[in-house]
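Grab a pencil and open the viewer. Below are some exercises on strands, helices, cores and domains, each with a solution you can follow step by step.

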Amino acid sequence: MIRLEDTSGGAVSAAIAAERRRMGSPTTGMVLTLLIMADEDSQSDATSAAVTAARQHPMRIVTLVPRPESTVTRLDAEIQVGGDQGPGEVAVLRLRGQLAEHANSVAVPLLLPDTPIVAYWPGASPSVPSDDLIGRHAQRRITDAAAAADPISELHARKSGYIPGDTDLAWARITPWRSVLASMFDQNVGQVSAIIVSGEHANPSLPLLAAWLGAALGAPSEVRVDDGPGVTSVFLTTPDGNITIQRSDSRTATLIRPGFPDSTVAIPRRDLAALLSEELRRLDPDDTYASTLDALDTIP
Amino acid sequence: MTNPLRDPLDRRLPRVAGPCGVVLFGVTGDLARKKVMPAIYDLANRGLLPPGFALVGFARRDWEDEDFAQIVHDAVREHSRTPFSEDTWRQLSEGIRFVSGELADPAAYEELSRVVADLDLTRGTNGNHAFYLSIPPGLFPVVLEHLKTSGLATSAPGAWRRVVIEKPFGHDLASAEELNQVVGDVFPSGSVFRIDHYLGKETVQNILAVRFANAMYEPIWNSNYVDNVQITMAEDIGIGGRAGYYDGIGAARDVMQNHLLQLLALTAMEEPLSFSPDDVRAEKEKVLRAIRLPKNIDLHSSRGQYTAGWQGGIPVKGYLEEDGISPESTTETFAALRLDIDNRRWAGVPFYLRTGKRLGRRVTEVAVVFKRVPHLPFESTAVEELGNNAFVFRIQPDEGITVRFGSKVPNTSSIEVRDVTMDFQYGESFVDSSPEAYERLILDVLLGDPPLFPRHEEVELGWRILDPVLDRWSEQGQPDQYVSGGWGPHSQYDMVNLDGRVWRRP
């Protein structure tokens with residue numbers, strides 16, 4: 001790790017290039033730049049998750065940590081290139097004093113040429129991510145409603161501020177559930193007449209899952225709160241009887257459906273690195289997420 | 001019926017196989033333990049298998065379900081790509097069954113029918129089963145015959161039965177046709193999946209992506225610019241425990257007929273109308289049919305056999321001293337051959353194919369070597385170190401692409417040009433995410449998605465190309481001897497030097 005104090009964006013960029021050369025590999029196949037806007041509490045987890053995700057998506061990770069409370073105005077940087085952690089490049093930048101207002105100026109010289117830019121807010125996020133000084137650079141903007149103080153109203157804010165390219169980790173968290181549900185509907189299930197999604201209080205993934213199912217199946221859909229963890233069950237009323245997917249241990253679910261023996265299926269809760277990897281797999285707008293946000297109003 | 005939860009715009013959702021099971025014949029083989037079982041586990045771990053998935057083992061062992069489950073467990077622990085998860089294993093192991101019996105015993109197939117029917121009831125496999133024949137091809141007829149007579153090969157309406165076979169698909173045209181006959185007699189051609197694991201490799205699929213998704217390469221991908229193409233698959237290992245299989249088969253049948261000809265087809269084929277299986281196959285078959293053998297096979301081919309030597313610092317035996325090999329064996333462990341493609345794009349461009357065991361290192365690559373520029377406006381001394389430009393698909397290991405071109409040497413008083421390479425690393429950058437070829441292929445079998453499986457026409461075309469070479473070689477007696485750990489017999493150099501070319505050292 002290299003530490004640079006009282007430095008500049010250009011100097012950080014030069015230091016990364018110098019470190020690459022020192023390691024004997026001046027060029028690499030970086031596919032994108034990930035800009036992480038974090039505070040001191042969230043920066044470490046978010047950065048290390050991104051480093052893990054860089055094994056699948058070799059990228060430059062730039063974590064911007066604003067420190068407006070600092071009395072001096074200056075940029076401090078920690079740089080890590082390659083090594084055991086994976087192929088990525090990591091720069092954690094502390095923007096002290098007034099510089100906290102000008103993250104943009106620090107980020108610009110660090111953007112890799114001619115490759116996509118992704119912005120990620122692991123904690124608090126701007127109300128309209130695409131209007132943000134940093135979000136404006138990015139073609140993909142990742143937020144996490146679950147990290148907000150009031151996740152459900154945060155989710156509704158995501159809806160009103162949505163611009164194609166936005167996405168939220170609350171949506172990525174339910175991909176395994178959606179995959180199991182979709183594969184169940186590879187057989188003819190018949191018209192679903194009611195949907196109940198249950199899970200822990202204030203989990204933004206619940207209304208998303210309920211809205212997605214309601215819109216796709218054309219049936220009334222509601223959310224019920226229990227002790228969790230995460231999503232605990234999906235209950236569907238069909239002409240042949242009820243379908244239940246029950247997961248109480250956050251790892252394995254039991255499938256109960258008419259005409260089939262009960263079976264188990266692993267639906268593990270995934271860590272941040274896995275969620276980020278999924279987000280980075282496709283960088284075009286997620287239309288299904290957009291239409292699911294639109295359907296949120298149908299959930300009581 | 002369309003699935004209301006599957007929207008083409010929703011690209012996060014993976015393709016998951018519907019309700020189904022796999023019946024595995026030959027459960028103790030290397031392939032079953034090192035590739036098939038771990039791939040099934042990895043698929044389950046990635047959430048790509050249906051909840052009630054079933055795996056039935058069939059072998060001549062006195063085992064209970066638990067014993068077989070233990071074999072699978074050990075194989076998964078040792079060889080799986082993704083980390084071991086107790087939850088995934090529990091889900092998978094609930095569907096593991098074992099049927100004990102002789103391959104030729106009708107009663108065993110009755111028992112298998114009962115187990116499969118029971119799985120449909122208790123696991124919800126819905127009558128969908130794939131029979132994976134991980135057994136020597138000599139045993140195919142007996143197994144297929146019994147699958148037919150026991151009714152196991154017959155699918156109920158709305159359900160499917162499929163069969164998966166591994167190479168070798170015959171040892172010459174006649175035997176390949178016979179095998180296709182035997183298999184085709186029991187399963188319709190759409191239900192037969194021939195596994196050539198090379199076609200499941202991401203880097204092999206990448207050949208088509210690079211060629212047809214980019215503007216830069218296709219304009220120069222022809223005889224105006226290409227001097228020759230070299231397709232090499234080198235192995236550092238000997239025949240290991242495969243003496244029984246390998247002797248009498250040899251390198252050309254083992255590797256050239258399938259892997260190398262497939263690589264050639266992907267490198268040389270015209271752009272398909274679409275990436276649908278039929279369109280891709282149509283173009284592959286066209287280019288395979290345009291292949292011409294050299295008139296004088298002796299001059300334009302090379303065959304060799306490894307002798308004792310040192311391989312990377314370790315003393316190794318020669319082929320004739322390997323256990324189970326006759327000291328008089330004339331089986332080749334190295335084969336090289338020039339092929340020409342008679343079409344407008346490739347006329348006059350030799351395609352050199354070579355493969356061998358106990359060579360310098362393990363490497364598979366397709367190198368497209370370009371012509372030199374017609375005129376070099378430099379002092380002749382300035383370009384002494386400049387070779388031909390080359391574009392190399394590195395298939396394995398170290399997957400990626402290398403481009404070789406000339407660049408000015410810095411700090412020389414006059415301009416001096418030397419070869420440099422530009423690398424794209426596929427394997428290193430994506431190492432955690434690249435699924436094994438077998439995962440991809442087994443999932444495609446369960447989804448009924450055939451583009452990555454060679455059709456019997458392709459297999460037969462391969463033999464049609466190679467049979468005359470094999471016939472000629474069979475008259476030549478002992479192959480050229482080469483020392484283990486090098487790059488093969490000297491005759492391979494004569495073969496390319498004759499055309500004024502040189503082999504690239506891979």
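**Exercise 1.** How many bridges join strand β3 of chain A to strand β5 of chain A, and do the two run parallel or antiparallel?

*Solution.* Keep in mind that you're looking at a predicted model.
- Step 1: find strand β3 at residues 59–67 of chain A and strand β5 at residues 89–96 of chain A.
- Step 2: count the links. Eight bridges join these strands, and they run parallel.
- Step 3: check one pair. A:V65 stands opposite A:R94 in β5(A).

**Exercise 2.** Work out which sheet of chain A holds β3 and β5, and which strands sit at its edges.

*Solution.*
- Step 1: read off the strand order. It goes β1-β4-β5-β3-β2-β6-β7-β8 in chain A, an open sheet of eight strands with mixed pairing.
- Step 2: look at the ends. β1 (2–7) and β8 (166–168) of chain A are the edge strands, as each pairs on one side only.
- Step 3: check the twist. On average, and ignoring direction, neighbouring strands here are turned by 20 degrees against each other.
- Step 4: add a helix. Helix α1 (residues 9–22) of chain A lies across β1, β4 (74–81) and β5 of chain A, at about 20 degrees to β4(A).

**Exercise 3.** Now take the six-stranded sheet of chain A and find which helix of chain B lies across β13 and β14 of chain A.

*Solution.*
- Step 1: the order of this open sheet is β10-β9-β11-β12-β13-β14 (chain A), again with mixed pairing.
- Step 2: its edge strands are β10 (221–226) and β14 (263–266) of chain A.
- Step 3: zoom in on one edge. Strand β13 (residues 252–256) of chain A is joined to β14(A) by four bridges, and the two run antiparallel. Here A:T254 stands opposite A:T264 in β14(A).
- Step 4: the helix is α3 (residues 86–93) of chain B, which runs at about 150 degrees to β14(A).

**Exercise 4.** Trace β15, β16 and β17 of chain B and say how they're linked.

*Solution.*
- Step 1: five bridges join β15 (residues 390–396) of chain B to β16 (residues 400–408) of chain B, running antiparallel. B:A390 stands opposite B:R404 in β16(B).
- Step 2: these two strands form a hairpin with three residues between them. In the turn, B:D398 has a positive phi of about 55 degrees.
- Step 3: carry on to β17 (residues 417–425) of chain B, joined to β16(B) by nine bridges, antiparallel too. B:G406 has B:D419 as its bridge partner in β17(B).

**Exercise 5.** Why does the largest nonpolar core lie between two domains of chain B?

*Solution.*
- Step 1: a general tendency helps: in soluble globular proteins, nonpolar side chains tend to be buried together.
- Step 2: this core has 128 residues, and those with the most contacts inside it include B:V164 and B:M256.
- Step 3: helix α9 (residues 250–268) of chain B gives the most, eleven residues.
- Step 4: domain 1 (21–166) and domain 2 (199–437 + 454–497) of chain B both give residues, so the core lies between them.

**Exercise 6.** Describe the contact between the two domains of chain A.

*Solution.*
- Step 1: chain A is divided into domain 1 (2–169) and domain 2 (175–266).
- Step 2: their centres, taken over C-alpha atoms, are separated by 35 Å.
- Step 3: six residues from domain 1 of chain A and four residues from domain 2 of chain A take part in the contact.
- Step 4: on the domain 1 side, five are nonpolar, none is polar and one is charged.

Methods: Residues are numbered from 1 along each chain as its sequence is written. Chains are lettered from A and ligands numbered from 1 in the order in which they are written. This is a predicted model: local features need pLDDT of at least 70, side-chain atom pairs count only at pLDDT 80 or more; totals for chains, interfaces and linings use all residues. Two strands pair if DSSP finds at least two bridges between them. Two residues are in contact if their C-beta atoms, placed from the backbone, lie within 7 Å. Axes are lines fitted to C-alpha atoms, for helices over the stretch in contact, and angles run from 0 to 180 degrees between N-to-C directions. A nonpolar core is a set of buried Ala, Val, Leu, Ile, Met, Phe, Trp, Tyr and Cys residues joined through C-beta atoms within 7 Å. A residue is buried if 20 or more other C-beta atoms lie within 10 Å of its own, exposed if 12 or fewer, and partly exposed in between; C-beta atoms are placed from the backbone. Domain bounds come from an automatic or database domain assignment. Ala, Val, Leu, Ile, Met, Phe, Trp, Tyr, Cys and Pro count as nonpolar, Asp, Glu, Lys and Arg as charged, and the others, Gly among them, as polar.
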